[in-house]
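Please look through the sequence and the 3D structure shown here before reading on. The report that comes after them is meant for a reader who has not met this structure before.

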Amino acid sequence: MIILGIESTCDETAAALVEDGRHLLSNVISTSVKEQALYGGVVPEIASRRHCEFISATVKKALLDAGKTIDDVDAVAVTFAPGLIGAVLVGVNFAKSLAYANRIPLVAVNHIHAHIAAAYLTNPDLTPPFLALVVSGGHTCFYRVSDYTDIQLIGGTRDDAAGEAFDKIGRVIGMPYPGGAALDKLAYEGDPNALRLPSPALADGLDFSFSGIKTATLNYLNGAEQRHEAVNRADVAASYTAKIVDALTKKTALALRETGMRTLVIAGGVAANTHLRASLEALCARLGVRLAMPERALCGDNGAMVAAAGYYDFLAGHRATVNLNASAED
């Protein structure tokens, strides 16, 4: 069964063809990241307009790259939530039109569930149940994945997400956009113990709060500027990264203990962070838990993850109609 996946929740216009939920046939991403970099972050109106310009050609290239036509597609899967509402609307309306015009079933996919499904593409033998940690620009959450479509939120951030926190401090210390990726590299050059920062890991449960560490770091940087003191950017990157990674790792250990899961999946854009990947690899090796991660190219937003998730939603009998609407929330 071949699923066409369409993704447009932020600044990537993406389309991919996946066979039987595991075999990647094509994966095309058109991004407005260079234009967004001029503003230091995603401008929703610009993202929406670029989706309108890119989406038809992106889907066409995904079909061409796979050597398929729309007649070979068994279902169209599209992310309908959560995301920037204007951006999501573009993908949803295009997918509805495409499915309706070609009399193909339409499947609505949750963006976060799609990130989790990206792990199936890199780990073809992966099956539920497992614990999933989704870490991205807008989400930092734990999920109990009991079955392919039975996914329960069990903990998460109460304010900012880890990805947003990385990008914000990266931008403030002059890292090129997106700040999180540049911060990841710079952190290797600094002292992780140079700054005393609060932990994002809250004392109880599986929740986080990233606003405190972000504010503390901004206060440090502003104070140094007022005193005309030089700031070692590598030390800031290393200390900030180490504290966030440590918090994510400690809470993951707690989540594994509380759920009893023997497999951990990490997904989302921040799952590409090399410090986090190394820390969770060490944790899982110590606990004797399997760690399944998407390859780094599949951690960010892409159509392949949507198609993979859509395949299992399709098998579960989930169908959307032309009345499907987009949503900014989960």
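The sections below describe a predicted model, taking up its strands, its core, its largest pocket, its cysteines and some features of its loops.

## Strands and their pairing

Strand S4, which spans residues 75-81, is mostly covered, since six of its seven residues are buried. Strand S1, residues 2-7, pairs with S4 in the parallel sense over four bridges, and within this pairing Ile-6 stands opposite Val-78 of S4. Strand S5, residues 106-110, also runs parallel to S4 and is joined to it by five bridges, with Val-78 standing opposite Ala-108 of S5. Val-78 thus has a facing residue in S1, namely Ile-6, and another in S5, namely Ala-108.

An antiparallel pairing is found between strand S7, residues 140-147, and strand S8, residues 150-156, where the two are linked over six bridges. These two strands form a hairpin, with two residues between them. Within the hairpin, Phe-142 has Gly-155 of S8 as its bridge partner.

## The nonpolar core

The largest nonpolar core contains 46 residues, and the members that touch the most others are Tyr-240, Ile-244, Leu-264, Leu-276 and Leu-280. Two or more residues of this core come from each of strand S6 (130-135), H5, H6, helix H7 (211-226), helix H8 (233-259), strand S9 (263-267) and helix H9 (274-287). Among these contributors, H8 gives the largest share, which amounts to ten residues.

## The largest pocket

The largest pocket holds about 1600 Å³ of space. Its lining is made up of 49 residues, and those that lie nearest the centre of the pocket are Cys-10, Ser-136, Gly-137, Asp-167 and Tyr-177. Sorted by class, the lining has 19 nonpolar residues, 18 polar residues and twelve charged residues.

Which elements each supply at least two residues of this lining? They are strand S3 (23-31), helix H4 (111-122), helix H5 (162-172) and helix H6 (179-186). The largest share of the lining, six residues, is supplied by H5, a helix that also gives two or more residues to the largest nonpolar core.

## Cysteines without disulfides

How many disulfides does a search of the whole structure find? The search finds zero, and the distances between sulfur atoms can be set against the cut-off of 2.5 Å within which a pair would count as a disulfide. For Cys-52, the closest cysteine sulfur belongs to Cys-10 and is 15 Å away, so the two are too far apart for a bond. For Cys-141, the closest cysteine sulfur is again in Cys-10, here at 16 Å, which is likewise too far for a bond.

The surroundings of these cysteines can be described as well. Cys-52 has a relative accessibility of 53% and therefore counts as exposed, whereas Cys-141, at 10%, counts as buried. Cys-10, for its part, is one of the residues nearest the centre of the largest pocket.

## Cis peptide bonds and positive phi angles

Two peptide bonds that lead into a proline call for attention. The bond from Ala-81 to Pro-82 is cis, with omega near -15°, and Pro-82 is found in the loop between S4 and helix H3 (85-102). The bond from Tyr-177 to Pro-178 is also cis, with omega near -5°, and Pro-178 lies in the loop between H5 and H6. Tyr-177 is also among the residues nearest the centre of the largest pocket.

Positive phi angles occur at two residues that are not glycines. Asp-20, in the loop between strand S2 (12-19) and S3, has a positive phi of about 55°, and at 37% relative accessibility it counts as partly exposed. His-228, which lies in the loop between H7 and H8, has a positive phi of about 60° and is exposed, with a relative accessible area of 74%.

## Two further loop residues

Arg-158 has its place in the loop between S8 and H5, where, at 53% relative accessibility, it counts as exposed. The C-alpha atom of Arg-158 is separated by 9.9 Å from that of His-139, a residue 19 positions away along the chain.

Gly-260 lies in the loop between H8 and S9 and, with a relative accessibility of 48%, counts as partly exposed. Between the C-alpha atoms of Gly-260 and Thr-157 there is a separation of 22 Å, and these two residues are 103 residues apart along the chain.

How values were computed. Residues numbered from 1 in each chain as written. Predicted model: local features only at pLDDT ≥ 70, side-chain atom pairs only at ≥ 80, totals over all residues. Heavy atoms only, no water. Buried < 20%, exposed > 50% of the residue type's maximum accessible area, 1.4 Å probe, protein only. 1 Å grid on protein atoms, 1.4 Å probe; cavity = no way out; pocket = protein on both sides within 12 Å on 5 of 7 lines; lining within 4 Å. Points joined across faces, edges and corners; volume = space filled by probe spheres on them. Nonpolar A, V, L, I, M, F, W, Y, C, P; charged D, E, K, R; others polar. Pairing = 2+ DSSP bridges. Core = buried A, V, L, I, M, F, W, Y, C linked by side-chain atoms within 4.5 Å.
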